[in-house]
Amino acid sequence: RVRGLKEWNFGLFEGESVDLIPPLPYGDFFVKYGGEDEVEIKNRIAETLHSIMKKDGHNTVLAVSHGAACRNLLGLY
């Protein structure tokens, strides 16, 4: 497990009904509730992947994360 690949931090909205979450894009909505904004999660995931891939012997890497984290990194939000 690599902590940097965890799901988007939704702050106080963690574990709550999706009906409480605003429509996409989230932008910085979760920051005021102790969560991450879109730039923070994108940077966190990218930096973590970069640090994994630059290690010796890591020519082929399979990284698994969560839906919102992956879609944000890929620019789908």
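Isoleucine 52 is buried, with a relative accessible area of 14% (buried means under 20% relative accessible area, exposed over 50%, partly exposed in between, with a 1.4 Å probe and protein chains only). This residue sits in helix α1; helices here are DSSP runs of H or I with at least four residues, strands are E runs of at least two, and both are numbered from the N terminus. The model is a predicted one, in which local features need pLDDT of at least 70 and side-chain atom pairs count only at pLDDT 80 or more, while totals for chains, interfaces and linings use all residues. Residues are numbered from 1 along each chain as its sequence is written, and side-chain values use heavy atoms, with hydrogens and water left out.

Beyond its neighbours within four places in sequence, isoleucine 52 is in contact with Val2, Leu5, His58 and Val61, contact being heavy atoms within 4.5 Å. One of these partners, valine 2, is 50 residues away in sequence, yet the C-alpha atoms of the pair are 9.4 Å apart. Links of this kind also show up in the chain totals: of the contacts between residues at least 6 apart in sequence, 62% join residues at least 24 apart.

As for the overall picture, the protein chain has two helices and zero strands. Its C-alpha trace spans about 45 × 20 × 20 Å along the principal axes, and 30% of the 77 residues are buried.

Helix α1 holds up well to a simple length check. Its 16 residues should span 22 Å at 1.5 Å a residue, and the end C-alpha atoms are 23 Å apart, which agrees; the expected span is 1.5 Å times one less than the number of residues. The buried residues of α1 are Glu38, Ile41, Arg44, Ile45, Thr48, Leu49 and Ile52. They cover an arc of only 140° around the axis, so they lie on the same side of α1, the arc being that of the directions from the helix axis to the C-beta atoms. An α-helix has 3.6 residues a turn, so residues three or four places apart point the same way. The buried residues of α1 pack against α2, whereas Val39 and Glu47 are exposed on the face turned away from the buried side. At the N-terminal end, α1 is capped by aspartate 37, with a side-chain oxygen 3.0 Å from the backbone nitrogen of valine 39.

What about charge pairing? The whole structure contains one salt bridge, defined as a side-chain nitrogen of Lys or Arg within 4 Å of a carboxyl oxygen of Asp or Glu. In it, the side chains of glutamate 36 and arginine 44 meet at 2.8 Å, N to O. Side chains of opposite charge can pair when their charged atoms come close. Both glutamate 36 and arginine 44 are buried, the latter with a relative accessible area of 16%. Arginine 44, which belongs to helix α1, also reaches the backbone oxygen of glutamate 7 with its side chain, at 3.3 Å. Apart from neighbours within four places in sequence, the contacts of arginine 44 are Arg3, Gly4, Leu5, Lys6, Glu7, Trp8, Asn9 and Glu36.

The largest nonpolar core has 14 residues, of which Trp8, Phe10, Phe13, Tyr26, Phe30 and Ile45 touch the most other members. Such a core is a set of buried Ala, Val, Leu, Ile, Met, Phe, Trp, Tyr and Cys residues joined through side-chain atoms within 4.5 Å. Two or more residues each come from α1 (38-53) and α2 (67-73), and the largest share, four residues, belongs to α1. In soluble globular proteins, nonpolar side chains tend to be buried together. Tyrosine 26, not counting residues up to four places away, touches Trp8, Phe10, Ile21 and Glu38.

The segment before α1 has its own points of interest. Proline 25 lies there and is joined to leucine 24 by a cis peptide bond, with omega about -5°. Glycine 27, also in this segment, is partly exposed at a relative accessible area of 27% and, outside its neighbours within four places, is in contact with Trp8, Asp37 and Glu38. Lysine 32 is found in the segment too and is exposed, at 61%. Between lysine 32 and glycine 11, 21 residues apart in sequence, the C-alpha distance is 8.4 Å.

Note on methods
A polar contact is a pair of N or O atoms within 3.5 Å; within protein, one must be able to donate a hydrogen and the other to accept it, and residues adjacent in sequence count only if both atoms are side-chain atoms.
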